[in-house]
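The following report describes how the strands of one protein model are arranged into sheets and which helices pack on them.

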Amino acid sequence: MSTQNIPFNPAPLRDQFPALQLKVNGETAVFLDGPGGTQSPQSVIDAMSGYLAYGSSNLGGPFRTSRHAGQVVQSAREAMADLLNARRPEEISFGQNMTSLTFSFSRALARTWQPGDEIIVTRLDHDANISPWLMAAADRGVTVRWLDLEPSDATMRLDQLPGLLNEKTRLLAITAASNAVGSITDLKTAVSLAHTAGALVYVDAVHYTPHGLVDVQAIDCDFLVCSVYKFFGPHTGVLYGKFDLMESLTAYKVRPASNHAPGKWETGTQSFESLAGVTAAVNYLAAIGQGKTRREQLEHAMSLTNSYEMMLSRRFLAGATAVPGLKIYGITDIERLAERTPTFAVSLDGYTPAQVAAYLGEQGIFVWDGHYYAIAVMERLGLLDKGGLVRIGFAHYNTAAEVDRVLASLTDLANKR
Ligand SMILES: Cc1ncc(COP(=O)(O)O)c(C=O)c1O
């Protein structure tokens, strides 16, 4: 039997997550807050505490714990290079989170811009891939152009991209998937159009990474960022950049620190315990699949979890039609599930998003309400001043029974009107 046909069973994986055993009012909690941050398996927790227990040290000392810290950093770089399919581990940098990495990197990249240059940001993006670029553009006298979203299904208007690109465009900052409505961007098309015009591409893959296989070589993006706490690991941000391009830029650094890879984009002391957790998170994902190399395992694992998540999406979409007054913003066509993650932004007639989230929270069902920093999305949908939407986000550790439970709770609330 081909490994592609092995069915995915979340039960043994769920057992690895201590947090998923949490009870609220005697019932097992339902974690549908993954787009805001996922839970961690025991292996990640052990790796992090194991690092601290072994003996913590800074880098570069002539003694065992310092050499160990160096190995922890190198292993994390190798793990992330496998997850993103970077050509080499030196293309991977770590930082506090995606937002901080983007603010510091945008400042360095903007030094190459001239007044009159142009950049493009999108309305489908989280503000962490918008504001840093708006501020950098303002500093350098650079014009900002906006790529719109299509409000009817909350997808990127890539058809408008050619009209925004020209010989002055220096950068396209674009999301791989929306953390609000789940729409996935056709990155290969976006990157190819941008490159043809001579622009670089900075991809925000924070929301996409837990749901699909990232392949920076196939996408051919110049830079890509993600956050390990969104895929079962600790609170650490990751920046990928093409090696030669990264070397050609000047990072803001203190004087003795190297302005070369690896470590060029890492300021101060990293959270080594988190980096131990990064490797464990990638290994957790890899162990879901089979293959000769870790990358092959990851490819297989992500195809399994992706198909399983689509099953959860189908079930949610089918059940949602029976909930009175429930409206889903974004792609609802089950023939188009490959174009979305299992993240659903919804409203319920007669209730504010905050009321819906609070009601579900009382039932032990954890969801977010508001804009989740996808300010431009909510503004474009006309919902920013109306409390945004309720976000129900599934991950591969969720079950069909949990889909049914959130639908049942929404139905109960709808029927109380
Ligand atoms: C799509 C997206 N981009 C960026 C961010 C910001 O990531 P971080 O918390 O690592 O700064 C988030 C966080 O929710 C996100 O969902």
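## Two open sheets

Three bridges join strand E16 to strand E17 (residues 389–393), and the two strands run antiparallel; two strands are said to pair if DSSP finds at least two bridges between them, while strands (E, at least two residues) and helices (H or I, at least four) are DSSP runs numbered from the N terminus. The model is a predicted one, in which local features need pLDDT of at least 70 and side-chain atom pairs count only at pLDDT 80 or more, whereas totals for chains, interfaces and linings use all residues. Residues are numbered from 1 along each chain as its sequence is written, and side-chain values use heavy atoms, with hydrogens and water left out.

Within the E16–E17 pairing, Asp 369 stands opposite Val 390 in E17. These strands belong to an open, antiparallel sheet of four strands in the order E13-E14-E17-E16. Strand E13 (326–329) and strand E16 (368–370) stand at its edges with a single partner strand each, so one side of each is left without a neighbour in the sheet. Neighbouring strands of this sheet are turned by 35° against each other on average, direction ignored, where axes are lines fitted to C-alpha atoms (for helices over the stretch in contact) and angles run from 0 to 180 degrees between N-to-C directions. Helix H14 (residues 400–415) packs on this sheet and touches E13, strand E14 (343–348) and E17, its direction making about 15° with that of E14; contact means heavy atoms within 4.5 Å.

The other sheet is also open, with seven strands in the order E4-E12-E11-E10-E9-E5-E6 and mixed pairing. Its edge strands, E4 (92–95) and E6 (143–147), each pair on one side only, and neighbouring strands are turned by 20° against each other on average, direction ignored. Helix H7 (residues 187–196) packs on this sheet, touching E9 and strand E10 (200–204), and its direction makes about 170° with that of E9.

Three pairings of the seven-stranded sheet are set out below.

| Strands | Sense | Bridges | Opposed residues |
|---|---|---|---|
| E5 (residues 118–122) and E9 (residues 169–175) | parallel | three bridges | Ile 120 and Leu 172 |
| E10 and E11 | parallel | three bridges | Val 203 and Leu 224 |
| E11 and E12 (residues 237–241) | antiparallel | five bridges | Ser 227 and Gly 237 |

Strand E11 (residues 223–227) is mostly covered, with five of its five residues buried, that is, under 20% relative accessible area with a 1.4 Å probe and protein chains only. Phe 223, Val 225 and Ser 227 lie on one side of E11 and Leu 224 and Cys 226 on the other, and both faces are covered.

Note on methods: Buried means under 20% relative accessible area, exposed over 50%, partly exposed in between (1.4 Å probe, protein chains only).
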